[in-house]
Amino acid sequence: MRTIMVTGGAGFIGSAVCRLLVGEPGVRVVNVDKLTYAGNLASLRQIEGDENYRFHQADICDEAAMLAIMRSQKVDAVMHLAAESHVDRSIDGPGAFIETNIVGTYRLLNAALIYWRELPSDKAECFRFHHISTDEVFGDLPFDSGIFTEQTPYAPSSPYSASKAASDHLVRAWHETYGLPVVLSNCSNNYGPYHFPEKLIPLVVLNALDEKPLPIYGAGANVRDWLYVEDHARALFAVVTRGTPGQSYNVGGRAERTNLAVVETICDILDDKRPRASGQSYRDLIAFVGDRPGHDRRYAIDPAKIGRELGWQPLETFETGLARTVDWYLENDWWWKPIREKAYSGERLGTNVKS
Ligand code: NAD
């Protein structure tokens, strides 16, 4: 039995990782999450009674608590997803991003290093610290050329991406300086079930159902690569179990879309599945809003290495994954309604709408 500690397991991607791991033979999951506004135990309802699943409410900035959990649970690997993750919130209040993403990662690394040094040599050799990061650390690409590889220099633009870049550097330094067996992965934009309703895709689906404006920054020309969250979770499992210590792996869906194309595709799916009473297309609700400061034009990521070395490929295309996602939101209002009903502050996209 291998015990994997997942930080941020009550979040969007972390909960998908926990749901996947609990179904893997011989894997026990210890989910460690502070339960910020983004953490939601309802996302784990299907596994909460499983004998191979444990939850601890704790802060990654609390080094002693992290070390105590590693020791008492005898963890074999740490998958570190806990973070402040919303770019707009990082513009309005960068402090929490510095605290959790940089200082928190530093504290967690310290705890992991102490714990790893105490392990017998056979266990120490197999131990992994897997740091989960974003393609946003690589910065801005022109619209018509370039792709991020594992060798691309870091050039983050937002407080969020700068804080993630700093944490990536710390993780590499703990490998180079202290020998901690780390692996890293940098992934493009995720979408799928249990995505917090302030993010673009769920926001558009749910605003459309409420007949509210569908906000798009600028002219909607910014390009992102999109990956279905369950494909990302499978990639992360491949990296933590089979990745080479000291290496990083880019993860993406080879699915570049402009923001406008994403929103229009959602409208088309909804026109088909849940036509408006007025008979008009949901596209009529699209509203262009003032652009985000420091908005990178394009991210595009080359996932060739993880395909070649670890045999990972996404199972969903953008179109199949998006249709599944829309279906999920149509069928699971028990999950998103309570969140939508709470007013969440700092939500630029939801409030800054010029119709
Ligand atoms: P999320 O905001 O949905 O979840 C983050 C989780 O971390 C929440 O459950 C929250 O309660 C927890 N958390 C926050 N601060 C904590 C702390 N101090 N101690 C313990 N737990 C804490 O984020 P997500 O979208 O699931 O992203 C997870 C990770 O993946 C992040 O590191 C993010 O940078 C990275 N990532 C996200 C994407 C994406 O498209 N969402 C893409 C690439 C990489």
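## Close-up views of the predicted model

**View 1. Tyr 194 in its loop.** With 24 C-beta neighbours inside 10 Å, Tyr 194 counts as buried, the threshold being 20 or more. The model shown here and in the views below is a predicted one. Tyr 194 belongs to the loop that connects β7 with α7 (200-209). Its phi angle is near 65°, which is a positive value in a residue other than glycine.

**View 2. Arg 254, another residue with positive phi.** Arg 254 is part of the loop between β10 (248-251) and β11. Phi is near 50° at Arg 254, again positive in a residue other than glycine. Arg 254 has 19 C-beta neighbours inside 10 Å and therefore counts as partly exposed.

**View 3. The whole protein.** The protein contains 13 helices and 12 strands. Its radius of gyration is 20 Å, close to the 20 Å that the globule rule gives for 355 residues, so the protein is as compact as a globular protein of that length. Along the principal axes, the C-alpha atoms fill a box of roughly 65 × 45 × 40 Å. Of the 355 residues, 47% are buried. Among contacts between residues at least 6 apart in sequence, 83% join residues at least 24 apart.

**View 4. The seven-stranded sheet.** Seven strands, in the order β3-β2-β1-β4-β5-β6-β10, make an open sheet with parallel pairing. The edge strands, each pairing on one side only, are β3 (53-57) and β10. From one strand to the next, the twist averages 20°. At the β10 edge, strand β6 (residues 182-187) is joined to β10 by four bridges, and the two run parallel. Asn 186 is placed opposite Asn 250 of β10.

**View 5. Strand β4 between its two neighbours.** Strand β4 (residues 77-80) is covered on both faces: Ala 77 and Met 79 on one side, and Val 78 and His 80 on the other, are all buried. Strand β1 (residues 2-7) runs parallel to β4, and four bridges join them. Val 6 has Met 79 as its bridge partner in β4. Strand β5 (residues 128-134) also runs parallel to β4, again with four bridges. There, His 80 has His 131 of β5 as its bridge partner.

**View 6. Val 27 and its surroundings.** Val 27 lies in strand β2 (residues 27-33). Because it has 19 C-beta neighbours inside 10 Å, Val 27 counts as partly exposed. Leaving aside residues up to four places away in sequence, Val 27 touches Arg 2, Ile 4, Leu 21 and Asn 52. Val 27 is separated from Gly 252 by 225 residues in sequence and by 25 Å in space, C-alpha to C-alpha. Helix α1 (residues 12-22) lies across β1, β2, β3 and β4 and runs at about 160° to β2.

**View 7. The three-stranded sheet.** Three strands form an open sheet of mixed pairing, ordered β7-β9-β11. Its edge strands are β7 (189-191) and β11 (256-258), each of which pairs on one side only. The twist averages 50° from one strand to the next. Strand β9 (residues 223-228) pairs with β11 in the antiparallel sense over three bridges. Asp 225 is opposite Glu 256 of β11.

**View 8. Helix α8 across both sheets.** Helix α8 (residues 229-242) lies across β7 and β9, at about 75° to β9. Helix α8 also lies across β1, β4, β5, β6 and β10, where it runs at about 160° to β6.

**View 9. The packing of helices α4 and α6.** Two packed helices are described by the angle between their axes and the distance between the axes. The axes of helix α4 (residues 95-118) and helix α6 (residues 159-178) come within 8 Å and cross at roughly 15°. That angle makes α4 roughly parallel to α6, since angles under 35 degrees count as such. The crossing of α4 and α6 is right-handed. On the α4 side, the contact residues are Phe 97, Ile 98, Asn 101, Ile 102, Thr 105, Tyr 106, Leu 109 and Leu 113. From α6, the contact includes Pro 159, Tyr 160, Ser 163, Leu 170, Val 171, Trp 174 and Tyr 178.

Note on methods. Residues numbered from 1 in each chain as written. Predicted model: local features only at pLDDT ≥ 70, side-chain atom pairs only at ≥ 80, totals over all residues. Rg over C-alpha atoms; globule rule 2.2 N^0.38 Å. Buried ≥ 20, exposed ≤ 12 C-beta atoms within 10 Å, placed from the backbone. Contact = placed C-beta atoms within 7 Å. Pairing = 2+ DSSP bridges. Axes fitted to C-alpha atoms, helices over the stretch in contact; angles between N-to-C directions. Parallel < 35°, antiparallel > 145°, perpendicular 65-115°, else oblique. Left-handed = near helix turned anticlockwise from the far one by under 90°.
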